[in-house]
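The exercises below are meant to be worked with the sequence and the structure side by side. Try each task before reading its solution.

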Amino acid sequence: MLIRTRQNNPIRPSEITPEPIYKDRRRFLAGGAALALGLNLAPALAAVTSKNDLPKPFADVATGPYATDEELTDYKSVTTYNNFYEFSTDKQTPAKLAKDFAARPWTISVEGECNNPKKWDIDELIKAFPPEERIYRHRCVEAWSMVVPWIGFELGKLIKHSEPTGNAKFVEFETLYDPERMPGQKAGFFGQVLDWPYREGLRMDEAMHPLTIMTVGLYGEYIPNQNGAPIRLIVPWKYGFKGIKSIVTIRFTEEQPRNTWNVQGPSEYGFYANVNPQVDHPRWSQAKERRIGELLKRPTLMFNGYAEEVADLYTSMDLSKHY
Ligand code: MTE
């Protein structure tokens, strides 16, 4: 992950506009009501080719626990300042190159050490585990942060449904590998940018924590392609690279899974990746962060402000070794 200077950052406070779609929630009551009634939206989605064709089914979902009441980052910044190396290594291009990515139909396979493996159609999954809104701080290892109204369901619910065996100690996630649809996966002049497919992992207790969500929407709509359509992980007390996008496989494993950025730079990116202002990245401090839309940096909070909820997962660990 590259550091970008302020001059490279296209987002200035003057450009920040509130998200009218989100403010006018009633416009999407019909879609929300359809979801509440359990109506099957899948047939309508079969013909969907671009984001604009999609219904906005999440406008009226319930608000979940743990939400921060901090000011939301505007919709435009959330959806145009992205890390998604399957499309591009810069932050502005994923929104452009992922515009026509077809995120439906989509199958996500739950497999490995469990008694109830299943290949889920994305809309079947959303129907089985109705999502709720979770407003979370989103902190990238590059020291910028946002506050995003994600829409998702607890990964723990899907895990329980999948009945992991006693051997399941970790959960591994994989992004789609399809260089035709994700042009950043094609080898360039200098070879491959990353060792595809993008992979991530969590320890089972982290995966079961109620803060950990499988995210299928934001700002009341289906999650835009550049943010990881149709389903991604959000673990709000960890650096953003744990939030693997466009997931096709969830696998229960006995061994700790390899995770992409740790493979890429083991001295810089660990497996745990807990937000920790006391443990610097070897090339820069992690003590402060720049909230997108704000001029002055603010101090970074331990576990991204979620210490009360998650610190006891790590009591016996030296977090400077297990970074
Ligand atoms: N997932 C995949 N498959 N590919 C990626 O390049 N980038 C990660 C993470 N998930 C990435 C990914 C990083 S470094 C960050 S900071 C977040 O996605 C960014 O999420 P956002 O673009 O929704 O803010």
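**Exercise 1. Decide whether phenylalanine 303 is buried or exposed, and describe its backbone.**

Solution. In this predicted model, phenylalanine 303 has a relative accessibility of 4%, and because buried means under 20% relative accessible area, phenylalanine 303 counts as buried. The next step is to place the residue, which is found in the loop between β12 (298–299) and α10 (307–310). Its phi is near 50°, a positive value in a residue other than glycine. Most residues other than glycine have a negative phi.

**Exercise 2. Work out where glutamate 163 lies and whether it is buried, partly exposed or exposed.**

Solution. Glutamate 163 also has a phi near 50°, again a positive value in a residue that is not glycine, and it belongs to the loop between α7 (155–162) and β5 (170–175). The relative accessibility of glutamate 163 is 41%, and since the partly exposed class runs between 20% and 50%, glutamate 163 counts as partly exposed.

**Exercise 3. Find which residues cis peptide bonds join to proline 105 and proline 230.**

Solution. Proline 105, in the loop between α5 (93–97) and β1 (107–112), is joined to arginine 104 by a cis peptide bond with omega about 0°. Proline 230, in the loop between β8 (221–222) and β9 (232–234), is joined to alanine 229 by a cis peptide bond with omega about -5°. Most peptide bonds are trans.

**Exercise 4. Identify the side chains with which the side chain of asparagine 274 makes polar contacts.**

Solution. Asparagine 274 is located in the loop between α9 (260–264) and β11, and with a relative accessible area of 7% it is buried. Its side chain makes a polar contact of 3.0 Å with the side chain of lysine 238, and a polar contact of 3.4 Å joins it to the side chain of tyrosine 314.

**Exercise 5. Describe where the ligand sits and what surrounds it.**

Solution. The ligand sits in the largest cavity, and of the 19 residues around it, Tyr85, Glu86, His138, Arg232 and Lys245 come nearest. By class, the shell divides into nine nonpolar, seven polar and three charged residues. Turning to atom pairs, an N or O atom in the side chain of arginine 232 is 2.8 Å from a ligand oxygen atom, whereas for the side chain of asparagine 227 the corresponding distance to a ligand oxygen atom is 3.0 Å. A backbone N or O atom of asparagine 83 lies 3.3 Å from a nitrogen atom of the ligand. Taken alone the ligand exposes 530 Å², of which the protein buries 100%.

Note on methods. Residues are numbered from 1 along each chain as its sequence is written. This is a predicted model: local features need pLDDT of at least 70, side-chain atom pairs count only at pLDDT 80 or more; totals for chains, interfaces and linings use all residues. Side-chain values use heavy atoms; hydrogens and water are left out. A residue is near a molecule or strand if one of its heavy atoms lies within 4 Å of it. A polar contact is a pair of N or O atoms within 3.5 Å; within protein, one must be able to donate a hydrogen and the other to accept it, and residues adjacent in sequence count only if both atoms are side-chain atoms. Accessible areas come from the Shrake-Rupley method with a 1.4 Å probe; for residues, only the protein chains shown count as cover. On a 1 Å grid over the protein atoms alone, a cavity is a set of points where a 1.4 Å probe fits but cannot get out, and a pocket is an open set with protein on both sides within 12 Å along at least five of seven lines; lining residues have an atom within 4 Å of a point. A molecule sits in a cavity or pocket if more than half of its atoms lie within 2 Å of its grid points. Ala, Val, Leu, Ile, Met, Phe, Trp, Tyr, Cys and Pro count as nonpolar, Asp, Glu, Lys and Arg as charged, and the others, Gly among them, as polar. Helices (H or I, at least four residues) and strands (E, at least two) are DSSP runs, numbered from the N terminus. Buried means under 20% relative accessible area, exposed over 50%, partly exposed in between (1.4 Å probe, protein chains only).
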